[in-house]
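Biologist: I'd like to learn how to read a structure feature by feature. Could you walk me through one?

Modeller: Gladly; let's put it up and start with a single side chain.

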Amino acid sequence: MCIRDRSYSPLDYIKAYASNSCVGVIRKNNEDRIVVEVKIPKPTQKEQSYWPEISYFAVYDGHSGVTCSEYLQHLLHVYLLNDQQFPFYPKEALMSSFAKAEQGLMNISCLLYTSPSQRDQRGSRMPSSALKKKY
């Protein structure tokens with residue numbers, strides 16, 4: 001379990017956060033991956049002057065290996081933040097980011113696994129939130 005420090009600013013909307021991931025009863029390995037990004041700065045290539053205070057939380061539940069969950073852990077939020085529609089059209093930006101991640105995963109899968117049956121078994125579920133502070 002990972003517990004982070006409290007935010008000390010009276011204006012902050014995230015007071016504390018924690019994460020927990022465990023192997024469980026049946027599996028020998030934990031295939032889950034977690035991302036916590038608080039107060040994400042505006043990417044340098046973004047041209048708009050307005051950038052809201054954004055935090056991103058995700059749990060990638062790996063299935064049949066860590067390939068997919070690790071890929072998503074490192075890249076999905078990057079795709080989202082760099083999408084030209086984000087932060088003004090978050091739904092569209094998220095759909096575009098999913099498509100980009102899926103294409104990247106398919107490319108990796110074809111390189112790593114020669115058997116189609118192996119490629120079909122790997123995946124991840126992802127409950128996540130991108131929180132934007134209201135002003």
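Biologist: Is Tyr-50 buried, partly exposed or exposed?

Modeller: Keep in mind that this is a predicted model. The label partly exposed covers relative accessible areas between 20% and 50%. Tyr-50 has 37%, so Tyr-50 is partly exposed.

Biologist: Where is Tyr-50 placed in the chain?

Modeller: Tyr-50 sits in the loop between β3 and β4.

Biologist: How many aromatic pairs does a search of the whole structure find?

Modeller: The search of the whole structure gives two aromatic pairs. In one of them, the ring centres of Tyr-50 and Phe-88 are 6.0 Å apart and the planes meet at 35 degrees, so this pair is tilted.

Biologist: Why does the pair of Tyr-50 and Phe-88 tie together parts that are apart in sequence?

Modeller: Look at where each partner lies: Tyr-50 is in the loop between β3 (33-37) and β4 (54-63), while Phe-88 is in the loop between α1 (67-82) and α2 (90-112), so the pair links parts that are 38 residues apart in sequence.

Biologist: What is the relative accessibility of Phe-88?

Modeller: Phe-88 comes to 44%, which counts as partly exposed.

Biologist: Which residues form a nonpolar patch with Tyr-50 on the surface?

Modeller: Phe-88 and Tyr-89 join Tyr-50 in that patch, and together the three have about 340 Å² of accessible area.

Biologist: Now the backbone. Which residues does a cis peptide bond join?

Modeller: The angle to read here is omega. Phe-86 and Pro-87 are joined by a cis peptide bond, with omega at about 10 degrees. Pro-87 belongs to the loop between α1 and α2.

Biologist: And phi? What is the value for Lys-39?

Modeller: Check the sign and the residue type together. Phi of Lys-39 is near 55 degrees, a positive value in a residue other than glycine. Lys-39 is in the loop between β3 and β4, and its relative accessible area of 41% makes Lys-39 partly exposed.

Biologist: Let's step back. What pattern does the protein chain follow along the sequence?

Modeller: The order is β-β-β-β-α-α-α-β-β, made up of three helices and six strands.

Biologist: What share of the contacts with a separation of 6 or more comes from residues 24 or more positions apart?

Modeller: Those residues account for 61% of such contacts in the protein chain.

Biologist: And what does the whole surface come to?

Modeller: The protein chain has about 9,100 Å² of accessible surface, with 55% belonging to carbon and sulfur atoms. Of its 135 residues, 32% count as buried.

How values were computed: Residues numbered from 1 in each chain as written. Predicted model: local features only at pLDDT ≥ 70, side-chain atom pairs only at ≥ 80, totals over all residues. Heavy atoms only, no water. Phe/Tyr/Trp six-rings, centres within 6.5 Å; stacked < 30°, edge-to-face > 60°. Helix = DSSP H or I, 4+ residues; strand = E, 2+ residues; numbered from the N terminus. Buried < 20%, exposed > 50% of the residue type's maximum accessible area, 1.4 Å probe, protein only. Patch = residues over 30% accessible without salt bridge, like charges linked within 9 Å, V, L, I, M, F, W, Y side chains within 5 Å. Areas by Shrake-Rupley, 256 points an atom, 1.4 Å probe, with all protein chains shown as cover. Salt bridge = Lys/Arg side-chain N within 4 Å of Asp/Glu carboxyl O. Contact = heavy atoms within 4.5 Å.
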